[in-house]
Amino acid sequence: LVDEAEVEVFSVPSYACQRRTTLDNHNTVLTDALSLLAENAELEDEEGRGVAFRRAAAVLKALPKPVTSMTQLKGLPCLGEHSLRVIKDILDNGTSSEAEATKQSERYKALKVLTGIFGVGAKTAARWIRDGIHTLQQLRDSEHTLNRAQQAGLEHYEDVNQQVTKAEADAIGEIVEKAVLSVLPGAQVTLTGGFRRGKLTGHDVDFLITHPVEGREEGLMPKVVSWLESQGFLLYQKTTRNSYLESKEGPARPASNMDRFERCFSIFKLTKDDKHGTKQPEKLSENGIKAPEDTGRSLTHVQTDPNPPTPSCTMAQIHSSKDREHRSWRAVRVDLVVSPISQFAFALLGWTGSKLFERELRRWAGYEKAMSLSSHALYDNNQGRYLRATSEEEIFAHLATVKVASVQKPL
Ligand code: DGT
Ligand code: MG
């Protein structure tokens, strides 16, 4: 800090995981513009550019005061040429012309609408746009073939794009817990993702499931899914099995950010009553809404479904807003993950997020500590061994040890 008469020059640590998370963002105009450009880069499938903008936004969010001049930013990490240009534009003109132009662009709008469909990523959206499809209606009218996930995504578009509340997440938590305990007594269910970080709303609900006895969790997911389906709680589900043991590259170096736990991507049917308890869904017929049994039966079972694309003529209708108001249920995206207890702390850390925090933590561990962190394990490259941990605190304690710690007594 300098004399009051001079501009205050800010300083923040290089990695996002080294900073305190604040709810007091003094630079929302700047971070909104950079976040929009980050989102646009991600929608364009340009991950590197997206990360650069996300890092820049995170640095500005960590500042104790509003930025008033470019000189205050000297020496701050993660502010690249492009981000600085955007910031300067806003300081000079009040808005970022690039962010505004992006927001108004037909391509950005179309990418956002189309990737809002569960099961549709940047590549698919770009392909459809090349074919002249910019809206849901154009997609529905087109000859395009949708896979099972995309059909469900289109059918439940409005619900899935509406924020999930903490109350809804808790109601789903009770249902998941009931399902898990019914098929494996003693198992544990933990709410992860944004809700574990204290967020009040989210785009989905994430759960991590384990059992205190190693190995007992094996084969759990298909049973949980069957239970949930039999009770009419699932509008869609796709289970992928655990591929951790089969992997050849080694657990701490996954080929992608994706982990290899047994995992279920689903769309839950949450009845309004479930928000206050765990009442089971009723059979609904009003407004032509399918009864849960119907939807349940139409789902193909775990691991037998090769996800065959079906013709667009079977594409489900989107219910009108009026119908939705009268409905007594809503669709919610839910992710279930099963972890063996030995990897639980790593899975918990990895699934709590945020995405940028996880990315930065792994980058920091690698560059500053010579350790490889994943949602499965922590590998110390100097010692050439895995470090065990039963809690997130223990993982951070390992990460905090200076490199000379390798001469300490092994675990
Ligand atoms: P939101 O949008 O309100 O749901 O926000 P979050 O923070 O809950 O984001 P979400 O649900 O996309 O992911 C939760 C965390 O889980 C996030 O920090 C990254 C992590 N995660 C999500 N998918 C994967 C995956 O496939 N592999 C690994 N290792 N982590 C994942
Ligand atoms: Mg989430």
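A residue is called buried if 20 or more other C-beta atoms lie within 10 Å of its own, exposed if 12 or fewer do, and partly exposed in between. I begin with that definition because two aspartates in today's structure fall on either side of its upper cut-off. Please keep in mind throughout that this is a predicted model.

Let me start with the overall layout. The protein is divided into four parts: domain 1 (16-102), domain 2 (105-144), domain 3 (160-339) and domain 4 (352-407). Between the centres of domain 2 and domain 4, taken over C-alpha atoms, the separation is 40 Å.

I turn next to ligand 1. Where does ligand 1 lie with respect to domain 3 and domain 4? Both domains give residues to the shell around the ligand, so ligand 1 lies between them. That shell holds 17 residues, and the closest are Gly-193, Gly-194, Gly-202, His-203 and Gly-353. Three elements give two or more residues each, namely helix H11 (193-196), helix H15 (344-352) and helix H16 (355-369). By class, the shell comprises 9 polar, 6 charged and 2 nonpolar residues.

I now come to the annotated positions. An unreviewed UniProt entry lists Asp-204, Asp-206 and Asp-335 under "binding site". These positions are spread over 132 residues of sequence, yet they cluster in space, with a largest C-alpha distance of 7.4 Å.

Are Asp-206 and Asp-335 buried or partly exposed? Asp-206, in strand E4 (residues 205-210), has 21 other C-beta atoms within 10 Å and is therefore buried. Asp-335, in strand E7 (residues 329-338), has 16 such atoms within 10 Å, and so it is partly exposed.

Their contacts, leaving aside neighbours within four places in sequence, link the two aspartates. Asp-206 is in contact with Thr-192, Gly-193, Asp-335 and Trp-351. Gly-193 has already appeared among the closest residues to ligand 1. Asp-335, for its part, is in contact with Asp-204, Asp-206, Arg-263 and Phe-265.

Finally, the nonpolar interior. In soluble globular proteins, nonpolar side chains tend to be buried together. Here the largest nonpolar core has 66 residues, of which Ile-172, Phe-268, Leu-336 and Val-337 touch the most other members. Again leaving aside neighbours within four places in sequence, Ile-172 is in contact with Val-205, Phe-268, Leu-270, Val-332 and Val-334. A second, separate core of 25 residues includes Ala-16, Ala-57, Val-67 and Ile-87.

Definitions and conventions:
Residues numbered from 1 in each chain as written. Chains lettered and ligands numbered in written order. Predicted model: local features only at pLDDT ≥ 70, side-chain atom pairs only at ≥ 80, totals over all residues. Near = placed C-beta within 6 Å. Helix = DSSP H or I, 4+ residues; strand = E, 2+ residues; numbered from the N terminus. Nonpolar A, V, L, I, M, F, W, Y, C, P; charged D, E, K, R; others polar. Domains from an automatic or database assignment. UniProt positions renumbered as here; feature names shortened; annotations may be inferred. Contact = placed C-beta atoms within 7 Å. Core = buried A, V, L, I, M, F, W, Y, C linked by C-beta atoms within 7 Å.
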